[in-house]
Amino acid sequence: MRFLSLEARIITLFISLLLVLQLLAYGFIDQAIDKNARKVLSENLQYHENVFQRLIEKNAQNLVQAATIVAKDYALRDAISSNDIQTIVSALLNHGERINADLTMLVGLDGNIIAASSDTLAHGMQDRVQQLMHAASNKGGAANIVSLNGRPYQLVMVPILAPVAISWVALAVPVDQVLVREMHELSPLQVSIVSAAKDGAWEMQSTSLTEAQGKQLLASLPRALPSNKLITTMHIDRDEYSSQLVDMNASAGQHTVAVLQLSFSRTVAPYKLLQRNLLILSIVATLLAIIISAVTARRITNPLRQLSDTARRFAAGNYQDEIAIRRSDEIGDLAKSFSHMRDAIATREKEISRLAYWDTLTHLPNRALFTSMLNDALAAAATRGDTVHVLMLDLDRFKYVNDLMGHEFGDQLLTEVAQRLSQQLGAGKPKPARLGGDEFAVLLPASTLEEAQQTARAIAQSFERPIAIGEQNVDIGAGIGIAAYPAHASDAASLMSRVEVAMYAAKRARQGAVTYSPEIDKSSQKNLSLLSDMRAALGQNQFQLWVQPKVSLSDYKLIGVEALVRWVHPERGMVFPDQFIPFAEQSGFIRSLTHWIMNQAAQTLKLWQAQDIALKMSVNISTMDLMDQDLPQKFAAILHAHTLAPAQFCLEITESAIMDDPVRAHQTLDNLHAMGMDLSIDDFGTGYSSLAYLKQLPVNELKIDKSFVLKMDRDNADSRIVKSTIDLAHNMQLRVVAEGVENQQVMHLLKELGCDQVQGYFLSKPMPASQLPAWKQDWEQRAAQLQQNQDVA
């Protein structure tokens with residue numbers, strides 16, 4: 001069993017929880033035992049102290065009775081009457097030996113010792129006898145513990161009555177091992193009697209301990225007794241004791257102490273036995289828990305392993321195996337969910353396969369499936385030595401129709417095109433494929449070039465009939481490319497590349513079908529070379545900024561210029577815009593070129609400002625530029641770098657550029673207008689935009705295309721178109737610029753029609769920006785003459 005497996009972790013979890021709970025319980029029980037045992041020890045010591053005190057009191061009563069018998073002895077009384085000291089001493093000795101008294105004394109009423117069985121001991125008892133006689137006078141007898149020569153004695157006194165007290169009998173019995181043994185036999189106590197030596201240390205008098213234990217006890221006793229007479233912890237022979245100290249002296253200054261001790265180990269022994277039993281029970285419970293948790297974990301993990309194996313089979317694509325788990329718990333629910341998931345995945349796999357290889361709109365094979373079919377056809381042709389032809393077609397004007405009529409209309413048009421292609425190819429022939437957008441392809445295995453060209457002509461002829469969608473009839477054509485294996489390519493990728501080149505050549509030439517040839521590819525390579533040259537030109541400053549002046553017709557003053565670009569190629573010489581701008585737009589290079597023109601225009605305006613020439617610079621913006629949502633930010637950075645105001649620029653946009661993607665174009669124009677730049681519609685009248693859409697654009701200017709201006713002095717139709725355009729623009733609060741002014745008559749006619757500004761060869765051809773200041777001086781002289789001629793007329 002792997003340690004990181006779910007089964008191992010379940011078992012580990014169960015056992016860990018159980019062990020933690022048991023350890024906590026064991027700790028709590030251990031603390032409770034310790035606390036309870038110490039409480040019991042304290043209570044037992046208190047109890048046994050009382051027992052010890054009663055034992056001493058009992059011994060004292062016995063001694064009082066013995067002393068009373070001595071006091072009633074006739075011989076002693078007679079000897080006292082006759083003052084026979086010898087007889088008195090003999091009687092005292094006899095009675096002392098009988099009751100094991102070390103000292104028997106006869107004391108006078110004045111407290112002095114008259115006779116004693118031991119003069120040595122009696123000498124030390126004089127003060128204690130007098131103290132005890134005072135207490136005995138009130139009670140008729142008294143007893144007390146006294147110390148003599150470091151030894152404890154139990155001293156009792158009773159009067160000798162005849163019938164009044166004539167003297168006293170005093171007995172002194174040592175408190176020795178007899179008392180200790182008797183107390184030890186009555187209880188589990190260890191009893192020791194110690195007394196204080198002159199140097200303050202303790203001396204053992206008698207004890208129930210061994211000699212070695214007694215020495216440890218003396219070493220552990222403090223010299224100053226605690227106030228509560230309790231020592232909770234004392235270690236003797238690796239055993240812990242709680243000790244109660246009983247001061248046995250009756251008078252202050254005498255230190256005879258009884259040490260009563262109870263063993264902590266003996267007290268907790270019953271609890272420790274219970275604790276051991278509990279530990280054994282815990283071990284047994286842990287073993288049972290391991291077995292139960294292992295069985296439980298296996299009941300959980302075995303079905304999970306089965307489900308894991310099933311999931312691996314699912315991953316391998318096997319969706320046929322049944323899940324043999326029949327349970328009514330959560331695992332059973334999981335097994336059912338796996339079964340449902342298997343069915344859902346199998347269904348989705350089929351749908352994914354369909355989506356991966358079939359076009360969802362036209363239900364034709366897509367590019368992936370067509371490529372697979374082409375590879376199979378090429379492999380078969382290589383074996384049989386056949387020829388394979390591929391047709392690729394791209395619809396004409398589809399983007400315009402899609403933008404004008406909407407995407408839903410465009411989708412219906414693509415569906416109709418697919419159906420027409422399928423019908424044209426006929427039953428039993430390969431279906432056409434939709435490669436994406438408005439591109440379609442047809443695979444013709446085992447075919448000749450003549451058959452492929454005939455099929456292409458038939459497809460082109462089928463598009464000559466309008467396609468009816470609802471109430472709309474759509475005229476649509478297609479550029480068709482043809483390429484063959486092995487004549488043009490030896491693999492599928494190369495064949496698709498060749499047929500695409502042929503298709504674009506057909507669209508450029510506006511021919512129905514074009515068969516691939518190396519010359520077409522050379523043209524493509526020429527374009528690639530042109531792109532490489534343009535990129536190099538940008539880095540090597542081969543581009544130049546040229547300008548064409550714009551003049552106000554109200555006073556003939558120069559008010560602006562249009563920025564133009566010229567390319568001075570080191571080998572080709574001067575390359576005009578119509579030779580590279582279209583390709584720059586197709587390749588995407590136009591964005592870099594627009595940025596360069598804008599930056600050069602800003603530098604030129606800054607230079608003219610230093611020469612007191614304030615003009616508005618018009619810059620042409622292409623379709624691809626309008627698709628760049630970051631264009632406003634890029635222009636703003638250029639303006640900031642040259643500290644120019646946005647109002648110093650006018651951006652010229654063609655109608656067709658706006659209509660390629662009206663939504664994105666409108667958004668870009670709104671952002672540019674918000675910056676403060678003027679916007680102009682260039683080549684107005686040649687595009688396809690509607691006035692309804694035009695009025696929504698944030699433009700400031702209309703620029704009439706030169707095709708209407710060039711002959712307006714000779715063609716009334718052109719003149720009427722220009723007049724209508726001027727009136728329309730003024731009604732929309734727009735200024736009007738006419739380009740293509742090549743003679744004075746046209747300029748005067750435009751002024752009569754209310755045109756605001758003009759530009760053209762009559763004013764000036766495009767010139768390098770550096771030549772404008774000189775031209776401006778010449779123009780001011782011409783403008784004065786024109787104004788004078790007008791005033792005279």
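What percentage of the 793 residues in the protein is buried? In this predicted model, buried residues account for 45% of the chain of 793 residues. The secondary structure consists of 25 helices and 27 strands. The protein exposes about 41,000 Å², and carbon and sulfur atoms supply 53% of that area. Of the contacts between residues at least 6 apart in sequence, 62% join residues at least 24 apart.

Confidence was examined next. The mean pLDDT of the protein is 82, with 89% of the residues reaching 70 or more. Confidence is lowest in helix H21, which covers residues 691–694 and has a mean of 64. The highest value belongs to strand S26, residues 757–759, at 96.

Helix H1 spans residues 6–71 and contains alanine 37. Alanine 37 has a relative accessible area of 0% and is therefore buried, the cut-off for a buried residue being under 20%. Leaving aside residues up to four places away in sequence, alanine 37 touches Phe264, Thr267 and Val268. One of these, threonine 267, lies 230 residues from alanine 37 along the chain, yet the C-alpha atoms of the two residues are separated by 6.3 Å.

The largest nonpolar core comprises 82 residues. Within this core, the residues with the most contacts are Phe543, Trp608, Met617, Val619, Phe649 and Leu750. Helix H16, residues 590–610, gives the most to the core, contributing nine residues. For leucine 750, the contacts beyond four places in sequence are with Leu553, Val709, Met712, Val722, Ala738, Val741, Cys755 and Val758.

A search of the whole structure for salt bridges returned 17. Three pairs are described here in turn, followed by a network.

Glutamate 211 and lysine 215 form a salt bridge through their side chains, with an N to O distance of 4.0 Å. Both residues belong to helix H6 (residues 211–220), where they are four residues apart, or about one turn of the helix. Glutamate 211 and lysine 215 are both exposed.

A second salt bridge links arginine 367 with glutamate 439, and the closest N and O atoms of this pair are 3.7 Å apart. Arginine 367 is located in helix H9 (residues 367–384) and glutamate 439 in strand S13 (residues 439–444), so the salt bridge ties together parts that are 72 residues apart in sequence. Is each partner buried or partly exposed? Arginine 367 is partly exposed because its relative accessible area is 39%, a value in between the cut-offs of 20% and 50%. Glutamate 439, in contrast, has a relative accessible area of 10% and is therefore buried.

In the third pair, the side chains of arginine 714 and aspartate 713 meet at an N to O distance of 3.6 Å. Arginine 714 counts as exposed because its relative accessibility is 58%, the cut-off for an exposed residue being over 50%. Aspartate 713, at 32% relative accessibility, counts as partly exposed. Salt bridges that share partners also join Lys550, Glu562, Lys616, Glu652, Asp678, Glu701, Lys703 and Arg735 into one network.

Key
Residues are numbered from 1 along each chain as its sequence is written. This is a predicted model: local features need pLDDT of at least 70, side-chain atom pairs count only at pLDDT 80 or more; totals for chains, interfaces and linings use all residues. Side-chain values use heavy atoms; hydrogens and water are left out. Helices (H or I, at least four residues) and strands (E, at least two) are DSSP runs, numbered from the N terminus. Buried means under 20% relative accessible area, exposed over 50%, partly exposed in between (1.4 Å probe, protein chains only). Contact means heavy atoms within 4.5 Å. Accessible areas come from the Shrake-Rupley method with a 1.4 Å probe; for residues, only the protein chains shown count as cover. pLDDT is the predictor's confidence in each residue, from 0 to 100. A nonpolar core is a set of buried Ala, Val, Leu, Ile, Met, Phe, Trp, Tyr and Cys residues joined through side-chain atoms within 4.5 Å.
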